Number of protein chains: 2
Amino acid sequence: MSQSDDAAFFVKDIHTFALSQSKTYDYLTTLCTTAGPRLSGSEASYDGLAYCESILNQIGIDTLFRVECDVPRWDRGELDLSLKVNGKQIPIRATSLGNSLGTQGKSITGNLIEVNHLDSLPFRDIENKIVFFNRPMDPTQIRTFNAYGGAVDQRVFGASRSAKYGAIATLVRSIGTDIDTVPHTGVSVYEDDTPSKIPSVAVSTFDANQISKALKQGKQVTASINSTSSLRSDTASYSVVAEIRGSEFPDEIILVGGHIDSWDLGQGAHDDGTGCMQSIQVIETFRALNYQPKRTIRCVLFINEENGLAGGNSYAEYSNDNNEYHLAAIESDAGGFSPRGFTCTGHEDIFIPMLKNLKEFEQILEPYDLFIKKGGAGADINPLKSQKGILIGLSPDSQRYFDLHHTSQDVIESVHPREFLLGGAAMTSLVYLIDQYGL
Amino acid sequence: MSQSDDAAFFVKDIHTFALSQSKTYDYLTTLCTTAGPRLSGSEASYDGLAYCESILNQIGIDTLFRVECDVPRWDRGELDLSLKVNGKQIPIRATSLGNSLGTQGKSITGNLIEVNHLDSLPFRDIENKIVFFNRPMDPTQIRTFNAYGGAVDQRVFGASRSAKYGAIATLVRSIGTDIDTVPHTGVSVYEDDTPSKIPSVAVSTFDANQISKALKQGKQVTASINSTSSLRSDTASYSVVAEIRGSEFPDEIILVGGHIDSWDLGQGAHDDGTGCMQSIQVIETFRALNYQPKRTIRCVLFINEENGLAGGNSYAEYSNDNNEYHLAAIESDAGGFSPRGFTCTGHEDIFIPMLKNLKEFEQILEPYDLFIKKGGAGADINPLKSQKGILIGLSPDSQRYFDLHHTSQDVIESVHPREFLLGGAAMTSLVYLIDQYGL
């Protein structure tokens, strides 16, 4: 029997274990329903971290440690938004955008003006108005992440850029694929040169369409916003790192990770409870199958991916300070849907040959229909690029993700057990192959 | 610009059209909610056929005709099933299996005996008992269709084989992936040599587990069955065939198809409204993009896939009688989920070279992550094998299909628009490539 036959059998064992014995879907259920949503700095975020530590200790690992960092404490507060079309109130489903500030106890009222590109702001008369950003995600993109990437600038920078031209607030069409009444939150950023930290609020795609229609008909659309969103001073938090030390090449680290923090709506199930539990599944599977890795395997649960990236940045700093080398880092932060493959990036010095070597594993992964190709990896592992290992993102089917991303619908019931478990099995398989054969 | 660049651009146009302009999801919604479930011979089945004809006529095709056949008329009737464990009644969720007969006005009562393999029947004392088949689908199969194939013999032949050894009825664990209280119907067959057409009833997976547990504990489990299921004499029905005649090679037919009939529970959404509407999407897209095929494109909506295959068989007969040649036939009958690729089969004389040629299209389909590999094609097109063209099945992601297959949950709400439309775009793309380049 050849070496690659051995590998094929072990990859099959990994999948069999996942679909018949893994406990990670139960762990995910507990994380979602007991800790709940885990905004950085919230009590639930510490509960989630502690729960993951307890699982990892129970599974049995060589070392468990924390990498500390400071995280922002954003509080959604209460939002009172009323919308009038030609003086008549219409219903609106809205939610404050992450890290945005409220109205400091007073109500802000203004007329809406639709602007669909940040670049258009200087050419529109937005002074004392509420800018309504309404560019939809491009439905013709096959991978919805590409459509997300093409629309999210409105949410991230809309308020900051609008303030420079005198706007008093922004309403942003939810960055989502479907038309419904569920608003999507997500991070917004006040750039250093912003003259005023104006409020920024997401409205549901259905309501955005209604507003746009009214504006196109020449109607006056007026919003009154009263919001108590606030940002408190940073507080101490940490990422969790669990390690199985390699028997032959302990200094070559293969990292698997997801982020434990989530937005405060829903339960942070797909984003990114699934990524955390799939990373734990790698450790769980190796232990259950008595696999002793040659290289050091690290499972990292990052804090603060959503609104600061303090976990990813501090982990890379810690790692660089200790002169570590990550041969590969695999992040799962694209939802717990059926795995389609892996997308990879890395430092230009190493990327082409490493991707070529990695692609050789496609043959062993063929029964699972998993591709390996160039593409984005993940926000938390990106700071490791300077170590010149390969950065890999698990790439699940993306069609349903942005229906529920950053909404109240991102709950355990939306995670299909088999789809989720196959994602963890795909990650485990790739870690195993890299561990066995190097790159 | 090379020929394959042209092809890549056109395949992109096909996908762009699907995700932004196709009306097939609306058509599917109407089919599911207006006609509803479409058991062969039912009024709804004729409504469904007529609706598809009206869509095709509206889109504009060269020819539309019907291939007639006789179909069975099975009537589920009413099922009264009560179950007692050591004399105490427990709740049970059950439904009669397709084509099975009822109890002719009287009630049948007997003790349950669990048997998990048809081959075991001769060695068990099942006389005057109710055989309870309880072998689950193998959860470790990656493709759930393989697990279905490994379990469905109990449902199809359980009653017929049990009757030979004196059983009075059969209860069959639902052939489904998840544990819930929703029973799955599906066809059962009385073989010619069966001494008695005993009733056959599916129970939900949750209830099957409860029954099995009680039996393992040595408890007496008794069922009383009163069912009015019946089979009336065959009636006339038909498959619908819509054709765009080829400009260069009109005698080389490329078929796309699905089956219009469905079980009577749910709405026949994934099984197989999606396959019908994806087949119509091929025609819709070619017309919208003004594509004149070189070869003859046929969209076929088969009747009676579920409980007889009269549509598939009569179509092949019709085609053979007219000395036709199907260069390729593509069936979509595996659910309207995200397309993963195509599986192919065919007559041994042509299969290897044709598959090799077909696989060359994988490169153009790479942006859509679609594989082309060996595997099953589809029940309706299988009778065309003797024409020595290639038979192809659209292969969608299979993880969720057997949660809802043949149940009351197979409704339009379970079909994700983008997943469904991408399946139709995948089929359209493959038809286009075969039409352009031959095989």
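Copies of a chain are superposed by least squares on the C-alpha atoms of residues with pLDDT of at least 70 in both. Keep that in mind for the pair of chains below. The model is predicted, so local features need pLDDT of at least 70 and side-chain atom pairs count only at pLDDT 80 or more, while totals for chains, interfaces and linings use all residues. Residues are numbered from 1 along each chain as its sequence is written, and chains are lettered from A and ligands numbered from 1 in the order in which they are written.

Start with the two chains. Two copies of a chain are related by a rotation about an axis and a shift along it. Here, a turn of 180° and a shift of 0.0 Å along the axis lay chain A on chain B, with an RMSD of 0.0 Å. This is the relation of a two-fold axis. Which residue of chain A comes closest to the rotation axis? R340(A) does, with its C-alpha at 4.1 Å.

Now look at where the chains touch. Two residues are in contact if their C-beta atoms, placed from the backbone, lie within 7 Å. Chain A brings 20 residues to the contact, and chain B brings 20 residues. On the side of chain A that touches chain B, α1 and α11 of chain A are the elements that give two or more residues. Helices (H or I, at least four residues) and strands (E, at least two) are DSSP runs, numbered from the N terminus. The largest share of this side, four residues, comes from α1(A). By class, the side of chain A that touches chain B has six nonpolar, eight polar and six charged residues. Ala, Val, Leu, Ile, Met, Phe, Trp, Tyr, Cys and Pro count as nonpolar, Asp, Glu, Lys and Arg as charged, and the others, Gly among them, as polar. The same surface serves both copies: 100% of the contact residues of chain A recur in chain B.

Next, step inside chain A. Its domain 1 covers 3-74 + 233-437, and its domain 2 covers 78-228. These bounds come from an automatic or database domain assignment. The C-alpha centres of the two domains of chain A are 33 Å apart. Across the boundary, 17 residues of domain 1 of chain A are in contact with 17 residues of domain 2 of chain A. On the domain 1 side, β1 (63-75) and α10 (401-404) of chain A each supply at least two residues. The most comes from α10(A), with three residues. That side of domain 1 of chain A holds seven nonpolar, eight polar and two charged residues.

Back to α1(A). This helix (residues 3-20) packs against α11 (residues 417-437) of chain A at an angle of about 150°, with the axes 9 Å apart. Axes are lines fitted to C-alpha atoms, for helices over the stretch in contact, and angles run from 0 to 180 degrees between N-to-C directions. So α1(A) and α11(A) are roughly antiparallel to each other. Angles under 35 degrees count as roughly parallel, over 145 as roughly antiparallel, 65 to 115 as roughly perpendicular and the rest as oblique. The residues of α1(A) that meet α11(A) include F10(A), I14(A) and A18(A). Their partners in α11(A) include L421(A), A425(A) and Y432(A). This contact of α1(A) with α11(A) has 11 nonpolar, five polar and one charged residues.

A second partner of α1(A) is α7 (residues 269-288) of chain A, packed at an angle of about 110° with the axes 10 Å apart. That makes α1(A) roughly perpendicular to α7(A). I14(A), F17(A) and A18(A) in α1(A) meet Q281(A), T285(A) and A288(A) in α7(A). By class, four residues of this contact are nonpolar, two are polar and none is charged.

Finally, check the backbone. Most residues other than glycine have a negative phi, and most peptide bonds are trans. Where does chain A have a cis peptide bond? The bond joins D271(A) and D272(A), with omega about 10°. D272(A) has its place in helix α7 of chain A. In chain B, the peptide bond from D271(B) to D272(B) is cis, with omega near 10°. N128(A) is not a glycine, yet has a positive phi of about 60°. N128(A) sits in the loop between β5 (108-115) and β6 (130-133) of chain A.
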